[in-house]
Amino acid sequence: MRASTAHGGTRPLRVVQVSFHTDLARRAPEELLEAWPTLSRVACAVQSDGVDVTVVQAAHTGETIVRDSVTYHFVHDARGRHDRVIQRAASLSPDVVHVQGLGFARAMRPLGRSVSRAPVFVQDHGAVPPRGWRALAWRWAYAHIAGVSFTASAQADPWKAAGILKRALPVFAVLEGSTDFNPGNQDAARTATGMSGDPCVFWTGRLNANKDPLTALAAFERAAEQLPDARLWCCFGDAPMLDIVRQRIASSSTLAPRVALLGNRPHAELEARYRAADFFLQTSHREGSGYSLLEALACGTTPLVTDIPAARQIVADAGALTPVGDAMALAAVIVDWSRRERASLRLEARARFDAALTFDAIGKQLRATYEALTVAS
C-alpha cells in the first residue's frame, strides 16, 4: 500500500517504530545498534519490503544515524519521562506508529494524542498482564490503540480476558526477531564442541521454574532407558535451581553419566552447539517468543518442546509438541523421534525456518499488519 500525498500522488507508507526501552548499560547509539541487532534487522526487512521506516529509540545520548537507508533517531530520554521520544515520533508525520513492547503504558495516551491521525500498533515482547489497579490503569492506557501483535494470536487471550485489551482489538501474529544461524556441518560442529550422543540432545535456557528443567531431566531419564547412548547437553544463564538440578542429576545413575551442565556460554558459540545436536529440548511453561527455538530450527535441529502458543506458532510440523509438565509424554516423543531418519529431520527443520521464520518473513508480516491498520483507520 502507498499513502496519498497533498498533491494527489503516492508515496511509500511511512512507519515510525518507537522503543521507550532504555539501555541499562548506558551504551552509545552506535554500540546499541551492534548490541541489539534485531532493532536494525527488523527495520531493514520492513524497508526492503517497500515501507518507509524510521526508528525512534530512547537512549542516554542523543544522535541520529543512517544505516542501510534506515534513519535511527536516538533520543535522550531524561529520567524515562518519554516526552522527547513522543515529540520526535510525532514530528516525523507517520502513517502508522509501531511501539515496541506492552510495558510502557504511561507513554501510550500522550503518544496517541501526539499522533492522533496515525493508528498506534503495539508489539508484545514477553510482557505479563498486570493485576489489580495496574490492570485498570493499563486498560485506560491502551484503550485507543488500533492493534497489537504477539508471536501467536492466542497470547492475546489473557490480556483480553483481564480487560486490558478490548475484545474487538485486532490481533496479529508477528515474530519478534529471527537469526542468521545456519545448519553448517554437524560432524564438524561435534568435533568443535565435543558434543556427542545418539541422539545428541541440547537444552538452552534459565534453570528456573518456568523453564522447568526437572521435567526435562525426568523425561530424558525415562527415554535413556531405551536410548543408552543418548546424551543431554545443557547451556544456561540465570540458574536459581542449579543446586536442585545438580542434586537431581547426581542422584540418578542414568542421568549422571549422560548429562553435561555447560553453564553460561557465549552466544556466538551456540550456533555450533545447535548444529551438533540432533534435538533441541525445551520444557517452558510460558514463552513470549522463542529465540532459542528459532536458532535451533535455523541450524536444522529438530525441536521437542512444550505445547504453548509461541512454540506452536514457530514449530508447526517441524518438531514435536507435548503437554506442559508431562515428562512421560516428552520421554515418549524423544524415543519416537530418535528412531526417525535424522538427515530428513534436519532438512525439514531448516525448511520450516526458511518458509516462515526469517527476517524477510518478519518484514512481510509487518508490512501486511501496517497496511491492514491503515485500511481500518
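This section describes a predicted model, covering a sheet, the salt bridges and the enclosed cavities.

The sheet is open and is built from 8 strands in the order β5-β6-β4-β3-β7-β8-β9-β10, with mixed pairing. Its edges are formed by β5 (63-67) and β10 (171-173), each of which pairs on one side only. From one strand to the next, the twist averages 20 degrees. At the β5 edge, the neighbouring strand is β6 (residues 70-76), and the two pair in the antiparallel sense over 5 bridges. Within this pairing, Arg-67 has Val-70 in β6 as its bridge partner.

Strand β3 (residues 14-19) stands between β4 and β7 in the strand order. The pairing of β3 with β4 is parallel and comprises 6 bridges. Arg-14 stands opposite Asp-52 in β4. On the β7 side (residues 96-100), the pairing is also parallel and is made by 4 bridges. There, Val-18 has Val-99 in β7 as its bridge partner. Strand β3 is mostly covered, with 5 of its 6 residues buried. In a regular strand, side chains point alternately to one face of the sheet and the other.

The structure contains 19 salt bridges. One of them joins Asp-49 to Lys-364, with 3.2 Å between the closest N and O atoms. Asp-49 is located in the loop between α2 (37-48) and β4 (52-59), whereas Lys-364 belongs to helix α15 (residues 359-376), so this salt bridge ties together parts that are 315 residues apart in sequence. The two partners fall into opposite accessibility classes: Asp-49 counts as buried because its relative accessibility is 18%, under the 20% cut-off for burial, and Lys-364 counts as exposed because its relative accessibility is 51%, over the 50% cut-off for exposure.

A second salt bridge is formed by the side chains of Lys-211 and Glu-287, at an N to O distance of 2.3 Å. This pair, too, links distant parts of the chain: Lys-211 is in the loop between β11 (200-204) and α8, and Glu-287 is in the loop between β14 (279-282) and α11 (291-298), 76 residues apart. Both Lys-211 and Glu-287 are buried.

The salt bridge between the side chains of Arg-275 and Glu-271 has an N to O distance of 3.1 Å. Both residues lie in helix α10 (residues 267-276), where they are 4 residues apart, about one turn of the helix. Arg-275 is classed as buried because its relative accessible area is 18%, and Glu-271 is likewise buried because its relative accessible area is 17%; both values are under the 20% limit. Salt bridges also connect Arg-190, Asp-198, Asp-278 and Arg-342 in a network.

Empty space inside a protein can be located by rolling a probe the size of a water molecule over the atoms. The structure holds 2 cavities of 30 Å³ or more. The largest cavity encloses about 40 Å³ of space. Its lining consists of Trp-203, Leu-207, Pro-213, Ala-216, Leu-217, Leu-232 and Cys-234. By class, the lining of the largest cavity has 7 nonpolar residues, with no polar and no charged residues. Helix α8 (213-224) and strand β12 (231-235) each supply at least two residues of this lining, and α8 gives the most, with 3 residues.

The second largest cavity has a volume of about 30 Å³. Asp-278, Phe-279, Thr-302, Arg-342, Leu-345 and Arg-346 line this cavity. The lining of the second largest cavity divides into 2 nonpolar, 1 polar and 3 charged residues. Helix α14 (residues 342-356) provides the largest share of this lining, 3 residues. Asp-278 and Arg-342, which line the second largest cavity, are also members of the salt-bridge network that includes Arg-190 and Asp-198.

Terms used:
Residues are numbered from 1 along each chain as its sequence is written. This is a predicted model: local features need pLDDT of at least 70, side-chain atom pairs count only at pLDDT 80 or more; totals for chains, interfaces and linings use all residues. Side-chain values use heavy atoms; hydrogens and water are left out. Two strands pair if DSSP finds at least two bridges between them. Axes are lines fitted to C-alpha atoms, for helices over the stretch in contact, and angles run from 0 to 180 degrees between N-to-C directions. On a 1 Å grid over the protein atoms alone, a cavity is a set of points where a 1.4 Å probe fits but cannot get out, and a pocket is an open set with protein on both sides within 12 Å along at least five of seven lines; lining residues have an atom within 4 Å of a point. Grid points are joined across faces, edges and corners, and a volume is the space filled by probe spheres set on the points. Ala, Val, Leu, Ile, Met, Phe, Trp, Tyr, Cys and Pro count as nonpolar, Asp, Glu, Lys and Arg as charged, and the others, Gly among them, as polar. A salt bridge is a side-chain nitrogen of Lys or Arg within 4 Å of a carboxyl oxygen of Asp or Glu. Buried means under 20% relative accessible area, exposed over 50%, partly exposed in between (1.4 Å probe, protein chains only).
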